[in-house]
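Please open the model in your viewer and keep the sequence panel beside it, so that you can select each stretch as the tour reaches it.

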Amino acid sequence: MENKFDIFLKGVNKILTVIGGTALTIMMLLTVSDVILRAFGHPILGAYELVALLLAIVIGFTIPKVSLDKGHVIMEFLLEKLSSNGKAIMITFTRLLCIGLFAIVSYNLFLIAKEFNLSGEVSSTLKIPFYPIAYCVGVCCFIECLVLVSDIVMVWRARHE
Amino acid sequence: MSEVTTGIVFLIILLLLFGTGIELGFGMALIGMVGFAYLNGWTAAMQLAGRDIYDVITNYGYTVFPLFILMGQIGFNAGIAVRLYDAAHKFIGHIPGGLAMATVCGATGFKAICGSSAATSATFASVAIPEMDRFGYDKRLSTGIVATVGTLGCIIPPSVVLIIFGVITEQSIGKLFMAGIIPGLLIALFFLGVIYGWAKINPKLAPQSQKFPWKARVRSLPEIFWVLMVFCVVVGGIMTGFFTPTEAGAVGTFAILVLALAKRDLKFKGYVKSVTESLGTAGMILMLIAGSVILGHFIAVTNIPQQTAEWLVELPIHRYFVMLLICIIYLFGGSFIDDLAFMILATPIFYPAVEKLGFDPIWFGVVIAITVAVGVVIPPVAVCVFVVKNITKVPMGEIYKGVMPFLISLIVVGGLLFAFPQLALWLPSVFFK
């Protein structure tokens with residue numbers, strides 16, 4: 001049975017997927033428009049940097065989705081040999097390690113964003129500030145931590161049920 | 001502990017960590033960060049992890065992944081593979097082993113727009129196997145070729161394996177694409193030869209199917225023409241320097257999308273499905289790359305790549321045997337982890353050695369792509385075979401009996417590439433002077 005936390009995560013994931021998917025579509029259309037306009041001598045100014053920033057949205061916003069969908073590559077065959085108790089302990093162990101990793105990454109992305117904001121770092125052509133992107137990806141990494149916490153909750157809830 | 005010893009110890013811990021079922025990309029990032037912290041302190045390591053992830057996901061060079069993956073997904077969801085198979089079926093379905101040969105031709109055409117091996121095997125398992133069943137084809141032949149044909153996607157452009165190799169080693173993706181064409185077509189030719197020979201020796205394996213009139217054949221030609229056009233625009237654009245690989249991916253995706261919409265093969269729902277699936281695959285690949293970049297920074301500090309290069313160069317054997325040894329390590333490692341993930345992990349370690357041994361990096365890229373192709377059909381992590389097994393419910397043992405002759409073809413082409421490196425290097429040398 002899904003609790004409010006799972007429903008919340010799935011809702012957030014859906015929103016992130018829509019944003020990521022839209023960014024991917026814009027990335028494609030922008031690049032194609034740039035190629036066509038360039039052929040006529042009018043390239044889109046700053047298309048490369050826009051596309052690179054769109055990638056941050058495409059991938060950053062997808063990080064929690066891939067984990068929720070269990071889309072990452074893992075080595076399953078050793079895990080499958082464990083008893084259900086052993087499997088639950090192992091999953092908890094790996095989730096805790098990953099929570100630690102993403103908490104550190106998220107915190108450091110916030111620091112990077114703060115640094116960008118203070119130094120006024122912007123893209124070279126369109127002068128787009130970098131800090132909102134770094135903040136957004138930091139938030140996505142924090143959401144990834146929540147997804148990993150929900151994995152632990154799910155494993156132990158399933159055992160109790 | 002010396003730096004090299006530290007590096008080796010942490011790599012062993014990484015392999016053990018993989019056994020716990022951790023996501024491979026996260027495992028690499030974690031060990032990279034902890035190892036870097038051990039040598040340079042925690043503050044530097046934590047900053048490195050955040051900075052590397054930010055750099056990977058804002059790097060223009062990596063935009064090539066989601067775009068080419070989207071191109072393949074749209075082609076897949078628009079049913080292009082099915083129609084290519086249908087066209088090939090009409091032309092060669094009636095000759096000995098014709099339906100299996102049509103699978104190879106259809107898949108080769110589909111590979112020109114879709115780099116995913118598993119997606120190709122899944123499509124042809126649902127389309128070609130029932131057709132071969134209808135005409136009484138032996139299960140070993142039908143499942144064997146469908147499980148192996150997906151591997152063409154590792155070599156024929158726009159191969160994701162070649163793109164990843166190009167990104168990791170900073171080699172021209174255009175050159176790698178060109179280098180993959182002849183070996184990819186050669187493998188397809190070998191597959192056709194094996195099927196024809198097998199069906200000639202034992203005609204019961206592949207009973208003759210119906211012969212289509214020329215009118216029906218000609219009607220199926222536009223499908224082949226459009227796919228060929230998109231392929232020529234994508235590869236030609238990169239080749240002439242008119243596109244960057246990212247632009248080629250975007251133009252190819254747009255062309256396939258417009259074609260699919262114009263022919264009403266794709267609805268909005270299908271497009272959303274393609275985008276969502278592409279996000280998942282691109283996210284997975286870029287997280288693997290981000291993990292390997294963090295691990296790579298740690299490995300670079302340990303001097304392991306330089307030491308490995310020196311050790312391999314000093315081995316008292318011919319450099320081609322050293323290359324063979326590297327391929328075996330890729331196969332062995334890939335068998336236990338995942339072929340693509342192991343390639344991402346191992347390439348930064350072995351690449352300096354390959355350069356020092358005097359091999360052409362482009363040639364090495366194609367050799368590694370063939371090695372990964374062999375890896376995806378050999379146990380225990382044989383993605384394409386699992387896909388065919390799940391769809392057809394044919395036992396693994398039976399599928400493997402059919403896979404074997406095609407696997408040998410892959411190895412033979414790999415051998416030919418060792419003997420004649422020009423098979424890979426000739427096209428890039430002609431078009432990239």
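**A long helix in chain B**

Begin by selecting α11(B), a helix of 29 residues that reaches 42 Å from its first C-alpha to its last, close to the 42 Å expected at 1.5 Å a residue. Keep in mind throughout that this is a predicted model. Next, go to B:Ser172, which caps the N-terminal end of α11(B), with a side-chain oxygen lying 3.3 Å from the backbone nitrogen of B:Gly174. Then move along to B:Ile181, where α11(B) bends by about 30 degrees, and look within the four residues that follow for a proline, B:Pro183.

**Its partner, α6(B)**

Add residues 98-111 of chain B, which form helix α6, to the selection with α11, residues 173-201: their axes come within 9 Å and cross at roughly 170 degrees. An angle over 145 degrees counts as roughly antiparallel, and α6(B) and α11(B) are therefore roughly antiparallel to each other. To see where they touch, show the side chains of B:Ala100, B:Met101, B:Val104, B:Cys105 and B:Thr108 in α6(B), which meet residues of α11(B) including B:Leu185, B:Ala188, B:Phe191 and B:Leu192. Which classes of residue make up this contact of α6(B) with α11(B)? There are 10 nonpolar residues, 1 polar residue and no charged residues in it.

**Loops to inspect**

Most residues other than glycine have a negative phi, and most peptide bonds are trans. With that in mind, select B:Pro158, in the loop between α9 and α10 of chain B, and look at the peptide bond that joins B:Pro157 to B:Pro158, which is cis, with omega near 5 degrees. Continue to B:Arg264, in the loop between α14 and α15 of chain B, where phi is positive, near 55 degrees, although the residue is not a glycine.

**Two further helices**

Now select α15(B), whose 35 residues should span 51 Å at 1.5 Å a residue, in agreement with end C-alpha atoms that are 51 Å apart. Just after α15(B) comes B:Asn303, with a positive phi of about 70 degrees. Finish in chain A with α1, residues 4-39, whose 36 residues should span 52 Å, which agrees with the 53 Å between its end C-alpha atoms. A:Gly41, which follows α1(A), has a positive phi near 80 degrees.

How values were computed. Residues numbered from 1 in each chain as written. Chains lettered and ligands numbered in written order. Heavy atoms only, no water. Axes fitted to C-alpha atoms, helices over the stretch in contact; angles between N-to-C directions. Helix = DSSP H or I, 4+ residues; strand = E, 2+ residues; numbered from the N terminus. Parallel < 35°, antiparallel > 145°, perpendicular 65-115°, else oblique. Contact = heavy atoms within 4.5 Å. Nonpolar A, V, L, I, M, F, W, Y, C, P; charged D, E, K, R; others polar. Expected span 1.5 Å × (residues − 1). Bend = angle between axes of the 7 residues up to and from the residue. Polar contact = N/O pair within 3.5 Å; in protein donor to acceptor, adjacent residues only side chain to side chain.
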